[in-house]
Each structure stands twice: as C-alpha cells, then as structure tokens.
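Work through these short exercises with the model open beside you. Each task is followed by a stepwise solution.

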Amino acid sequence: MSSQCYPVAMDLGVCQLRNFSISFLSSALGKESASVRVDNSSSGASVVAIDNKIEQAMDLVKSHLMYAVREEVEVLKEQIKELIERNTQLEQENNLLKTLASPEQMAQFQAQVQTGGSPTGTAQPPVPAGPSTQSSGTSA
C-alpha cells in the first residue's frame with residue numbers, strides 16, 4: 001500500500017491518516033475492505049468511497065472512546081460518592097471526639113499539632129476526663 005505523500009505538513013498528516021484508516025478498516029471491517037487501496041489515478045467515486053470508509057472507522061473509534069469515557073466517569077462518580085460518605089463519617093467522629101475531650105486534652109492536642117508532633121503516636125498516658133486536682137496553667 002504505497003501512496004504519494006506531499007511535503008506539506010497538512011497533506012502529509014491526511015495521507016498518514018488515510019493510510020492508517022485503510023489499515024484499521026482492513027482489520028476492523030474484515031476481508032471486504034482488505035482490497036481497498038489508495039490509487040493516485042482513481043476516480044472521484046473511489047476517493048469518496050475511501051473517505052466514507054475513513055469516516056466509518058473514525059465513528060467506530062469515537063463510539064468506543066465515548067463508551068470507555070462513560071465507564072470511567074461512572075467509576076469516578078462512585079469513588080467520589082464513597083469518599084464523601086467517608087469524609088462525613090470522619091467529620092462526625094471528629095466532632096464527637098472534640099465534644100468528649102476535656103479542655104486539658106484539647107490544649108495538649110493543640111500543642112502537639114503546633115509543634116508538628118503526632119497526636120496518636122505519643123507515649124504519654126491520656127489525661128483523665130473530668131475535674132483535675134492539678135492546675136495546668138493553660139486554658140482552652
């Protein structure tokens with residue numbers, strides 16, 4: 001399958017696309033289109049037929065791409081829904097923990113956050129909830 005390609009970039013691109021499309025058609029549409037060739041001396045009807053085959057192949061590719069994109073969008077929508085649900089659950093848990101924490105615990109947590117320490121990785125025992133007999137000197 002040889003055809004004359006012109007040095008102009010646009011003509012070269014069209015020529016390459018036409019050659020690719022004919023190869024694609026040969027494999028996608030079966031043996032019926034395997035005999036399609038680019039012939040520089042072909043009549044206008046032959047060129048129109050080739051253009052129609054190219055358009056059919058491009059429509060086929062477009063429909064496959066659109067299907068794949070729709071599938072991916074559905075998967076991403078489901079992931080977003082799950083993440084929103086998880087985020088809501090964590091926000092509720094966070095609010096509950098904030099309401100149950102004593103002012104001393106909140107102050108200790110804020111100090112750890114400001115110093116860059118890990119609030120869950122500390123070896124200090126938890127401060128008991130309720131009135132403290134010691135004065136910590138800090139207030140929330």
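**Exercise 1.** Find the residue just after α3 and state the sign of its phi.

*Solution.* This is a predicted model. Step one: locate helix α3, which covers residues 103-115. Step two: move just past α3 to Gly-116. Step three: read the phi of Gly-116, which is positive, at about 85°.

**Exercise 2.** Compare the reach of α3 with the span expected at 1.5 Å a residue. Then do the same for α2.

*Solution.* Start with α3. It has 13 residues. The distance from its first C-alpha to its last is 18 Å, close to the expected 18 Å. Now take α2, residues 44-100, with 57 residues. Its end C-alpha atoms are 83 Å apart, close to the expected 84 Å.

**Exercise 3.** Place the annotated coiled-coil region on the model and describe its secondary structure.

*Solution.* First, the record: an unreviewed UniProt entry annotates residues 66-100 as "coiled-coil region". Next, the model: residues 66-100 are 100% helix and 0% strand. Last, the span: the end C-alpha atoms of this stretch lie 51 Å apart.

**Exercise 4.** List the elements in order, then work out how much of the protein is buried.

*Solution.* Count the elements: three helices and zero strands. From the N terminus, the order is α-α-α. Turn to burial, with the cut-off at under 20% relative accessible area. Buried residues are 9% of the 140 in the protein. In α2, Ile-50, Ile-54 and Ala-57 are buried. Then check the surface: the protein exposes about 11200 Å², and carbon and sulfur atoms supply 59% of that area.

**Exercise 5.** Where is confidence highest, and where is it lowest?

*Solution.* Begin with the whole protein: the mean pLDDT is 74, and 53% of residues reach 70 or more. Then go by helix. Confidence peaks in α2, at a mean of 94. It is lowest in α1, residues 9-28, at 61. Finally, look for stretches under 50. Residues 5-10 stay under 50, with four contacts beyond four places in sequence. Residues 127-140 also stay under 50, with eight such contacts.

Notes
Residues are numbered from 1 along each chain as its sequence is written. This is a predicted model: local features need pLDDT of at least 70, side-chain atom pairs count only at pLDDT 80 or more; totals for chains, interfaces and linings use all residues. Side-chain values use heavy atoms; hydrogens and water are left out. Helices (H or I, at least four residues) and strands (E, at least two) are DSSP runs, numbered from the N terminus. The expected span of a helix is 1.5 Å times one less than its number of residues. Buried means under 20% relative accessible area, exposed over 50%, partly exposed in between (1.4 Å probe, protein chains only). UniProt positions are given in the numbering used here, feature names are shortened, and annotations may be inferred rather than shown by experiment. Accessible areas come from the Shrake-Rupley method with a 1.4 Å probe; for residues, only the protein chains shown count as cover. pLDDT is the predictor's confidence in each residue, from 0 to 100. Contact means heavy atoms within 4.5 Å.
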